Amino acid sequence: MKTLPMKKESGGDKALVDCVGTERSVHRFCGYCQHCSGIRVGRRLIPTPQGRAVNEIRRGTAPDENLMQAAMMFNTYVRDGSAVECDDDEDEGYRPRYGA
């Protein structure tokens, strides 16, 4: 598990991390990557809400709208957070959480 510090632009909503030598948007990539395990907000590690939402949808215990709510919650954590927790110890980079 590694901690990737976020680089945020002042006055903007962009948050970037260094993902295997490539600067990637946390909003566009990390929340949809299998390696993302959470966001550091202060001293707390908040697990990625998309993972739980997908599992509940697959089991049939939650409506599809929960995935959109999870993505919105993830963006809130990114706004307040300082780093991304990533379990990509083998440096393979972005791997989609959904589908191929």
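Buried residues are those under 20% relative accessible area. By that cut-off, Ala 70, Ala 71, Phe 74, Tyr 77 and Val 78 of helix 2 are buried in this predicted model. Viewed down the axis of helix 2, these buried residues fall within an arc of 120°, so they line one face of the helix. The face turned away from the buried side carries exposed residues: Glu 65, Met 68, Gln 69, Met 72 and Arg 79. Helix 2 runs from residue 65 to residue 80. Its 16 residues, at 1.5 Å a residue, should span 22 Å, and the end C-alpha atoms are 23 Å apart, which agrees.

Several elements cover the buried residues of helix 2. The cover includes strand 2 (7-8), strand 3 (15-19), strand 5 (36-41) and strand 6 (44-47). Helix 1 (49-59) is also included. The relation holds in the other direction, since the cover of the buried residues of helix 1 includes helix 2. Strand 6 is included there as well. The buried residues of helix 1 are Pro 49, Gln 50, Gly 51, Ala 53 and Val 54. Just after helix 1, Gly 60 takes a positive phi of about 85°.

The largest nonpolar core has 14 residues. Met 6, Val 26 and Val 84 have the most contacts inside this core. Strand 3, strand 5, helix 2 and strand 7 (83-86) are the elements that give two or more residues to it. Helix 2 gives the most, with 3 residues. In soluble globular proteins, nonpolar side chains tend to be buried together. The contacts of Val 26 were listed without residues up to four places away in sequence. On that basis, Val 26 touches Met 6 and Val 84. It also touches Ala 15, Leu 16 and Val 17. Gly 31 is a further contact of Val 26. From helix 2, Phe 74 and Val 78 touch Val 26 too.

A search of the whole structure finds 1 cavity of 30 Å³ or more. The largest cavity has a volume of about 150 Å³. Its lining comprises 18 residues. Of these, Leu 4, Cys 19, Cys 30, Cys 33 and Cys 86 lie nearest the cavity centre. Strand 1 (2-5), strand 3 and strand 7 each supply at least two residues of the lining.

The largest pocket has a volume of about 160 Å³. Strand 6, helix 1 and helix 2 are the elements that give two or more residues to its lining. Helix 2 gives the most, with 5 residues. The lining of the pocket includes Ile 46, Pro 47, Pro 49, Arg 52, Ala 53 and Glu 56. Asn 66, Gln 69, Ala 70, Met 73 and Tyr 77 also line the pocket. Among these lining residues, Pro 49 and Ala 53 are buried residues of helix 1. Ala 70 and Tyr 77 are buried in helix 2, whereas Gln 69 is exposed.

Pro 47, a lining residue of this pocket, lies in strand 6. At 55% relative accessibility, Pro 47 counts as exposed, because the cut-off for exposure is over 50%. Leaving aside residues up to four places away in sequence, Pro 47 touches Ser 37, Gly 38 and Tyr 77. The C-alpha atoms of Pro 47 and Glu 85 are separated by 8.9 Å. Along the chain, these two residues are 38 residues apart.

A second pair links distant parts of the sequence. Thr 22 and Gly 93 are 71 residues apart in sequence. In space they are 8.9 Å apart, C-alpha to C-alpha. Thr 22 is found in strand 4. At 36% relative accessibility, Thr 22 counts as partly exposed.

Backbone angles were also examined. Most residues other than glycine have a negative phi. Val 20 has a positive phi, near 50°, and is not a glycine. Val 20 is found in the loop between strand 3 and strand 4 (22-25). With a relative accessible area of 40%, Val 20 is partly exposed. Asp 91 likewise has a positive phi, of about 55°, although it is not a glycine. Asp 91 lies in the segment after strand 7. Its relative accessible area is 46%, so Asp 91 is partly exposed.

Definitions and conventions:
Residues numbered from 1 in each chain as written. Predicted model: local features only at pLDDT ≥ 70, side-chain atom pairs only at ≥ 80, totals over all residues. Heavy atoms only, no water. Helix = DSSP H or I, 4+ residues; strand = E, 2+ residues; numbered from the N terminus. Expected span 1.5 Å × (residues − 1). Buried < 20%, exposed > 50% of the residue type's maximum accessible area, 1.4 Å probe, protein only. Arc of directions from axis to C-beta. Contact = heavy atoms within 4.5 Å. Core = buried A, V, L, I, M, F, W, Y, C linked by side-chain atoms within 4.5 Å. 1 Å grid on protein atoms, 1.4 Å probe; cavity = no way out; pocket = protein on both sides within 12 Å on 5 of 7 lines; lining within 4 Å. Points joined across faces, edges and corners; volume = space filled by probe spheres on them.
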